[in-house]
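Me: Could you walk me through this protein? I'm new to reading structures, so please explain the terms as we go.

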Amino acid sequence: MTSSLRVAVILTLVAGLLAPGLALLLVEQQTTRQRVLAELQEELDRSATVMALSMVEPLWQVSPELALPLISAQFEDRRFVRVLVSDTSTAIPMVDYPDAELVNTSLDPTLTLETERDIQREGRVIGKLHLWMSAERPMAAAQHALWLQAGRTAMLAAFSMALILLVLRRRVLAPMERLSQDATALGAGHLSRPLTTAGTDEIGKVSRAMELMRQALLEAFDRLRLHASTLEDTVNQRTAELTDANSDLKSALVQLQAAQRELVESEKLASLGRLVAGVAHELNTPLGNAMTVVTSLDDRWGELSDMMASGQVRRSALDALVNDTRRGLDILHRNVGRATELVRDFKQVAVDQTSDARREFDLAQVVNDVLVMVEPRYKNTPYQIVTDLAPDLKMNSYPGSLGQVLTNLLINALVHAFDARPKGTVFISSRPLHSAPHWVELTVSDDGCGMDESVRKRIFDPFFTTKLGRGGTGLGLHIVHNIVTQILGGQIDVSSHPDQGATMTLRLPRVAPERKEDDSGAV
C-alpha cells in the first residue's frame, strides 16, 4: 500500500511540477523564436536603410574602397551575413562582402532574413542594395538561456519533490504503514497488542477508532467465550435429551412397522374372507336346489316303496316316477356342476392368493375367476361390472397378487365410487401395448363420484382414507400400489375428476421380474 502510494505521489508531483515546466519551456521557445526574428527584422530594415544612404557616394564615384570600411564595421555584428551593392546601369556588383565563396552555407534558411533597398541620388535610383542577416546566434543565446531556466526549474521541482516526499513520509506514509501493520495484526487475531494512536490528524483519528474497535472486540470475545461455555452445556443437555427421544422414536417406529405389517396381513386375510363369503353365498343356491330335488325324490321313492308293499303298483305311477327322477337328476347335475365350478374357481383363487406362486396364465381367465368371487358382492346392488378383455394375453407372473389387486380395486369402487348412488358401472378392459410388445394394460374405471386433486394425490398413501371411522383402513390402495410396483414389476396411474368417475390404469410386464424367496409374502 505504502509503495503504491509513494509511486502515485511521485507521479503526481512529476505531472504537477515538471509537465507544466516542460509545456512552458516549449511555449517560451516558440515565443523566443518569434521575438528574435521580429527583432532581427527591425535591425535588418534599419541597417538596410542606413547602408543604402551610406552607399550613395561610393557608388556615384565608383569607389568601392570608400564603402568597405563602413561595411566591415557593420559586420562586427555577427548577425550580418552578406551585403551586395550593384550599379543599376551596368548591373555589375560593385561590393559583395564578404566574398560569395566565404559565405557560410550551413546557415538555417528559416532563421535567415534578407531585404533590398534602392540607392538614390537626387531622386534617381543609381544602384541596389541587398542585405542578409541571420538569427542563429541570437537564437542560440536565447535557447541557452531557456535551458538554464529549465535547469533551474528542474532543480526547483526536484527540491520541492524531495521536500514533499519527506513530509509525506513522516506525516502520511509512515503512519499509514504502522496503521496497516496494526490492522494486519488485528486481522490475525492479535487483539492483546494496543494500537499506536500518536498524532491528531485524520490518520491519528483512524488509529484511535481502530483502538476503540480492538477494545470492543476484546469485550465481545469475552462475552462470546462466556456464552459459548454456557451454550456448550446447553447443547450437551439437549443432545442427551434428543438421544433419548431418538431411542424412543426408533422403538415406536419398529412397533409401527410391525403394526403396519399386521394390518397388511389382516387386510389380505379380510380380502380372502370376503371371497369366502361370496363363494358361500353363491354355493347356497345350487346346493339348496340339489337338496330340494333329493328330498322330493326321496318322497317319491317312499311312495313307490309303499305301493310295492301293498301290491298295487301301477304303470302310470312308475312312468311318473321315472319322469320325475329324470328331471330331478337333470336339476341335480346342473346344480352340482355349478357348485363344482364355484369350488374349483375358488380353490384356484385361494391357492393363488395364499401361496402367491409364479405360473403362466391367461389374463382374461384370471380376471374372470376373480369376478366369480367378487360378483356376489355386486349381485344385490344396482351396480354392474362390464368387461372388455383381449383374448390370448399370456403372462408369466403372480396371479394371486394380480387377483388381490383386482379384488381390492373392485371392492374400493363399490365402497367409495358408488357411495349411495342409484346406479353405476365398473368397466374392466385389457389390451396389449403396441408401443411395448412385452407389456399389457389393464384398466379398471367407474362412473362414480370421482375425486378432487387433493384426494387423488394421496390415495396410495398408507392409512389415508375418506371413510375414516366408517370402516375404512386406508390400506387397500396402498397394498395395490405395493403389489403392482414391487411384485408384478409394473406401474399404476390414476386419473379422476369430481363427479366424472375414476380410472385406474395398470401397465404390467408379461414376464414379471424375479424376486427373492424371503419377499414372497411381503407387500
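Reply: A residue is called buried at under 20% relative accessible area, exposed at over 50%, and partly exposed in between, with a 1.4 Å probe and protein chains only. Strands (E, at least two residues) and helices (H or I, at least four) are DSSP runs, numbered from the N terminus. This is a predicted model, in which local features need pLDDT of at least 70 and side-chain atom pairs count only at pLDDT 80 or more, while totals for chains, interfaces and linings use all residues. Residues are numbered from 1 along each chain as its sequence is written, and side-chain values use heavy atoms, leaving out hydrogens and water.

Me: OK, which side chains of strand S7 are buried?

Reply: In S7 (residues 394–397) the side chains alternate, with Met395 and Ser397 buried on one face, whereas Lys394 and Asn396 point to the other and are not buried.

Me: And which strand does S7 pair with?

Reply: S7 pairs with S5 (residues 359–362) in the antiparallel sense over 4 bridges, where pairing requires that DSSP finds at least two bridges between the strands. Asp362 stands opposite Lys394 in S7.

Me: Switching topic, how many residues are in the largest nonpolar core?

Reply: The largest core has 49 residues, and Tyr378, Leu410, Val426, Ile428 and Leu506 are those with the most contacts inside it. Such a core is a set of buried Ala, Val, Leu, Ile, Met, Phe, Trp, Tyr and Cys residues joined through side-chain atoms within 4.5 Å.

Me: Which element gives the largest share?

Reply: That is H8, with 9 residues of this core.

Me: What does Ile428 touch?

Reply: Not counting residues up to four places away in sequence, Ile428 has contacts (heavy atoms within 4.5 Å) with residues including Val367, Leu406 and Leu442.
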